[in-house]
Amino acid sequence: MLLLSASSQLQGAVGRVSAAAAVELLVGQSWDEAAARWDDIAAVMIDAAAMANSEVEAGIAGWRGPIVVVGLASDSALMWREAERLGADRVAILPDSAPWLANYLSCLRNPASGAGVVGIVGGCGGAGASTLATLIAAGAVKRGVRTLLIDGDPWGGGLCGASSAEEVPGLHWPELLRASGAINPDQLAASLPYFAGLAVLSWDAAARADKQDVPQNTQAPTAVGEVMRAARGAYGLVVVDLGRTPDAFRSLAWHCDGLVVVVPARPRSAAATLPVIAALPPKPVVAVVRGPLGEGLDADMLAAAVGLPLAGTMPRLRGATDWIESERWPDTIRRRPVRRLVGNVLGWMAGDEPSAAPAQKGELMNVAGRR
């Protein structure tokens, strides 16, 4: 672990926590001081006061691992402001957060293999990302994989309502985001609603109706990170329906191992997808083209037009709302095109190469010029 701080008091406090967690701590005031051990660093802990150093801030912008803002209680207001600005994963106010921080560092030292986490995002509105997320999650359950489906958009239509989840006892996002401290993976799994063997973490109708229940404070990124850490420990696969909000891209998308962009098979939709792809974090990304395909178009062409490998084609599913609400996922995923698509995405997550090559210059213009 790396601590960036010039405060001897904070260095001592974090040092004691690291010793209790039996992890090695590197202490410095710049990124260069840790350059020789860069590959050994699992997380960066940063004193909020160190953000006044432009070199430190530039280094953080290029760091893709966990960031924990640490400090003493007297600096708590500054810590939360900097955590919000950085999009930090965690905030640890010492000494009160010492037990949590020790447990967190210990988990990083001895990580479990954990679940694969795949995020699904629509290239444009109505692309079918929620449908694809549900298909992948249900397909994984059919294969015997313990799976969690997460609704990542508090302002969207909601996976919870679509699957009648509100009638089943279990926790939703608002309760989990108000929790403090570490979340036990087994307790998380036991607290969520299940449908046809699939766990669902969604926003309930009350939270959507009363926007006061949707956390807007600076603690949300920390709580989201804790939920995702617990989800990795509890499940074999986590599927996140990301929505298309900057908040989701800054938080949940960073916790994904791979991202799938749903591109409707229309030239204008392909063009609209480009800004979405540009806003995603630097993760492996593939395209799924949603049919039906128009005359003169094919899936490889559309995937190439947005510069992504092709993971498969999503067939047009009639009555999708009905089969989600009635929990007829097993019936839907028996269809051969659906089985093929789910297998392609799960295979890609397992390390298989997708089929299509990146776009060549000018291909998008050629596709977008068609009607």
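Let me begin with burial: of the 371 residues in this protein, 51% are buried, and I should say at once that what we have in front of us is a predicted model. The exposed surface comes to about 16,500 Å², and carbon and sulfur atoms supply 50% of that area. In secondary structure the protein comes to 17 helices and 13 strands, and when we take the contacts between residues at least 6 apart in sequence, 73% of them join residues at least 24 apart.

I will start with the sheet formed by strands S1 to S5. These 5 strands form an open sheet in the order S2-S1-S3-S4-S5, with parallel pairing, and its edges are strand S2, residues 26-28, and strand S5, residues 90-94, each of which pairs on one side only. From one strand to the next the twist averages 25°. Where S1, residues 2-4, meets S2, the two strands pair in the parallel sense over 3 bridges, and within that pairing Leu 3 has Val 27 in S2 as its bridge partner.

Helix H1 lies across S1, S2, strand S3 (44-47), strand S4 (67-72) and S5, and it runs at about 120° to S4. One residue of this helix deserves a closer look, namely Leu 10, which is found in H1, residues 8-21. Is Leu 10 buried or exposed? Its relative accessibility is 2%, and since buried means under 20%, Leu 10 counts as buried. If we leave aside its neighbours within four places in sequence, Leu 10 is in contact with Leu 3, Ser 5, Asp 47, Val 70, Gly 71, Leu 72 and Leu 94. The last of these contacts, Leu 94, is 84 residues away from Leu 10 in sequence, yet the C-alpha atoms of the two residues are 8.5 Å apart in space.

Let me turn now to the other sheet. Here 8 strands form an open sheet in the order S8-S9-S7-S10-S6-S11-S12-S13, and the pairing is mixed; the edge strands are S8 (194-195) and S13 (310-314), each pairing on one side only. S11 and S12 run parallel and are joined by 6 bridges, and the bridge partner of Val 263 in S12 is Val 289. Between these two strands the chain crosses from S11 through helix H12 to S12, in a β-α-β crossover that is right-handed. S12 itself is mostly covered, with 5 of its 6 residues buried.

Moving on to the edge, S12, residues 285-290, and S13 also run parallel, joined by 4 bridges, and Ala 287 stands opposite Leu 310 in S13. Helix H12, residues 267-279, packs on the sheet, where it touches S6 and S11, and its direction makes about 155° with that of S11. Although S13 is an edge strand, 4 of its 5 residues are buried, so the strand is largely enclosed by the rest of the structure. To reach S13 from S12, the chain passes through helix H13, residues 299-305, and this β-α-β crossover is right-handed.

A further helix, H5, residues 129-142, lies across S6 (116-122), S7 (147-151), S9 (198-201), S10 (237-241), S11 (258-264), S12 and S13, and runs at about 170° to S10.

That brings me to the nonpolar cores. Which residues have the most contacts inside the largest core? That core has 47 residues, and the ones with the most contacts inside it are Leu 148, Trp 173, Val 238 and Val 240. Its largest share, 7 residues, comes from helix H10, residues 220-234. To take Val 240 as an example, and again leaving aside neighbours within four places in sequence, this residue is in contact with Val 117, Val 118, Gly 119, Ile 120, Ile 150, Met 228, Leu 252 and Cys 256. There is also a second, separate core of 32 residues, which includes Leu 198, Val 200, Leu 237 and Ile 333.

Notes:
Residues are numbered from 1 along each chain as its sequence is written. This is a predicted model: local features need pLDDT of at least 70, side-chain atom pairs count only at pLDDT 80 or more; totals for chains, interfaces and linings use all residues. Side-chain values use heavy atoms; hydrogens and water are left out. Two strands pair if DSSP finds at least two bridges between them. Contact means heavy atoms within 4.5 Å. Axes are lines fitted to C-alpha atoms, for helices over the stretch in contact, and angles run from 0 to 180 degrees between N-to-C directions. Buried means under 20% relative accessible area, exposed over 50%, partly exposed in between (1.4 Å probe, protein chains only). Accessible areas come from the Shrake-Rupley method with a 1.4 Å probe; for residues, only the protein chains shown count as cover. A nonpolar core is a set of buried Ala, Val, Leu, Ile, Met, Phe, Trp, Tyr and Cys residues joined through side-chain atoms within 4.5 Å. A crossover is right-handed if, with the strands pointing away from the viewer, the path from the first strand over the helix to the second runs clockwise.
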